[in-house]
Amino acid sequence: MISKIKSCALYGINGYLVDVEVDLSEGLPGFDLVGLPDSSIRESKERVRAAIKNSEFLFPIKRITVNLAPADTKKEGSAFDLPIAIGIISCNDPIDKEILDSTMIIGELSLDGKVRPVNGILPMVYSALKKGIKQCIVPFENAEEGAIVEDIEVIGVHTLKEAINHLKKEEIIPRTIIDINSLMKNNTNNTLDFADVKGQEHVKRALEISAAGSHNVLMIGPPGSGKTMMARRLPTILPDLSFEESIEITKIYSVTGLLPNKKSLITSRPFRAPHHTVSNSALIGGGRIPKPGEVSLSHYGVLFLDELPEFNKNVLEVLRQPLEDREVTISRVNATLTYPASFMLVCSMNPCPCGYLGDDEKCHCQPEQVKKYLSKISGPLLDRLDIHVEASPVKYDDLDVKEKSESSASIKKRVLQAQKIQQERYKNESIYFNAQLSASQIDKYCVLGKEERDLLKNAFEKLNLSARAYHRILKVSRTIADLEGEEKIGLQHLSEAIQYRSLDRKYWA
Ligand SMILES: Nc1ncnc2c1ncn2[C@@H]1O[C@H](COP(=O)(O)OP(=O)(O)OP(=O)(O)O)[C@@H](O)[C@H]1O
Ligand SMILES: [Mg+2]
Ligand SMILES: [Zn+2]
């Protein structure tokens, strides 16, 4: 007696179909399972055996062979428990083959026969849809996540018994339906707002420019000047996510097992702030079968590195590839995987080891100490931070004002307008934002008049700017002009952009 159940495994953020083949034969009773890594096989066998018995089904006293095909990939996870159990039960107690052929089954079992949630339901249901499957039986807790895929029936089950009864049409469970429109609209649960940030107009302006042109930004300032506070508010002035973007982010969180409880779809831009002790693999992704790291968890959102010089120098080097390619490729013995990683990088740091450089009462750092501290940041990384901005200590007078500052919603309007201009301008290019301009595209889109060229030349010579600053200045001035709706980059745009390289000159040139 043989049965075949369709299930699914994950490869990166995509699912692929797996056939669970079960064969029962006469002979010495036994339970062989092939196609899983060694340790999970043993655990899965024990769970399946106990779950079947405790759900009042007969566990066959026969020779059981289970094969997960294709056999050449080692599949991870516990999501095959439910299909294996159903496969074994249906050998004795047949289920309509047509139904089994058009059903994908995913779920972990607990010993008492309950179905427990698993990671990666969203990409798995998508792959089922692509393969023409009609219904997916998934753990009840994952049903809403799966139901985001509208053109396939998603059935949430609590127990093995429920799944069997549904398949045998003895007790049909209705499909899970969710209202995607209201989910997408419900992204205003963000309580953060730039209106809470007093003063610091200069930094807020720099963040508006970064958001408008997708420029990476470095904030330098003393402790307590609001750097972290402002970074957290950056997602609130970025455009709302499209449904496709939400899906892409949700897939990443789904396979990582980080979907917030009761949330089926991530509808607001991620903000990730890994601690400076973060390891390479936690930052860019890793593990035996590589899982997404912080760079992918920040996809379409903000990656914030607070206290930049405290990070391991090597960790910063590994950021360069994802920053360049907007995706990250991780190679391991078992697999080479690519995860999306298109994020805005926001960094913050103190100007010196004590943090109060410039305040002669508080700061006694020696010039060599300051230099050593700053040299912890590599030139190539610094090169990828288009905008450097200094946050000054917050003054009492700034805090002691009743009226709120400009709201995020109001700043966002200008950001959206500037982004619209860029999308129009680059519709025949493969880029979306000024930050992505290549050297040749800069020549084409950041044309300067004679006066502007003179200003730039002057600034270079007088301020001793490095060559790397040149392209950054042009890109940023392009964004500043776009914020004003100006086609031509003018003197005031250029001189503001030059300001945002002042730190480059001061500390690193
Ligand atoms: N400009 C500001 N307006 C209103 N509150 C502020 C401002 N700056 C700082 N604060 C208050 O001070 C707290 C500390 O600010 P924050 O943690 O953002 O400073 P920081 O610059 O990141 O400091 P550190 O260098 O110590 O990390 C904030 O949570 C906020 O309550
Ligand atoms: Mg901070
Ligand atoms: Zn100091």
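Tutor: Strands here are DSSP runs of E with at least two residues, and helices are runs of H or I with at least four, numbered from the N terminus. With that in hand, let us walk through this predicted model.

Student: Happy to. What makes the place of K114 a loop between strand 6 and strand 7?

Tutor: Strand 6 covers 108-109 and strand 7 covers 115-116, and K114 sits in the loop between them.

Student: Why is K114 called buried?

Tutor: The cut-off for buried is 20 or more other C-beta atoms within 10 Å. K114 has 20 within 10 Å, so K114 counts as buried.

Student: Which residues does K114 touch, leaving aside those up to four places away in sequence?

Tutor: K114 touches H158 and T159. In addition, the C-alpha atoms of K114 and K161 are 8.5 Å apart in space, although the two residues are 47 apart in sequence.

Student: K161 brings us to helix 6, which spans residues 160-167. Which residues of helix 6 are buried?

Tutor: The buried ones are L160, E162, A163, I164 and L167. Just after the helix comes K169, with a positive phi near 60 degrees.

Student: Why is helix 2 called oblique to helix 6?

Tutor: The axes of helix 2 (residues 81-92) and helix 6 come within 11 Å and cross at roughly 55 degrees. Parallel needs an angle under 35 degrees and perpendicular one from 65 to 115. The angle fits neither range, so helix 2 is oblique to helix 6. The crossing of these two helices is right-handed.

Student: How many nonpolar residues does the contact of helix 2 with helix 6 have?

Tutor: Helix 2 contributes L82, A85, I86 and I89, while helix 6 contributes L160, A163 and I164. By class that gives seven nonpolar residues, with no polar and no charged ones.

Student: And what makes helix 4 roughly perpendicular to helix 10?

Tutor: Here the axes of helix 4 (residues 121-130) and helix 10 (residues 243-256) cross at roughly 115 degrees and come within 7 Å. The perpendicular range runs from 65 to 115 degrees, so helix 4 counts as roughly perpendicular to helix 10. In this contact, I121, L122 and P123 of helix 4 meet T250, K251, S254 and V255 of helix 10. The classes are four nonpolar, two polar and one charged.

Student: Why is S214 buried?

Tutor: S214 has 21 other C-beta atoms within 10 Å, so S214 is buried by the cut-off of 20. S214 lies in the loop between helix 8 (201-213) and strand 10 (217-220), and has a positive phi of about 60 degrees although not a glycine.

Student: Why does E307 count as partly exposed?

Tutor: Partly exposed lies between the limits of 12 or fewer and 20 or more. E307 has 16 C-beta neighbours inside 10 Å, so E307 falls in between. E307 also has a positive phi, near 60 degrees.

Student: Why would one point out a positive phi or a cis bond?

Tutor: Because most residues other than glycine have a negative phi, and most peptide bonds are trans. A cis peptide bond joins A69 and P70 in this model, with omega about 5 degrees. P70 is in the loop between strand 4 (63-69) and helix 2.

Technical notes:
Residues are numbered from 1 along each chain as its sequence is written. Chains are lettered from A and ligands numbered from 1 in the order in which they are written. This is a predicted model: local features need pLDDT of at least 70, side-chain atom pairs count only at pLDDT 80 or more; totals for chains, interfaces and linings use all residues. Axes are lines fitted to C-alpha atoms, for helices over the stretch in contact, and angles run from 0 to 180 degrees between N-to-C directions. Angles under 35 degrees count as roughly parallel, over 145 as roughly antiparallel, 65 to 115 as roughly perpendicular and the rest as oblique. A crossing is left-handed if the near helix is turned anticlockwise from the far one by less than a right angle, and right-handed if clockwise. Two residues are in contact if their C-beta atoms, placed from the backbone, lie within 7 Å. Ala, Val, Leu, Ile, Met, Phe, Trp, Tyr, Cys and Pro count as nonpolar, Asp, Glu, Lys and Arg as charged, and the others, Gly among them, as polar.
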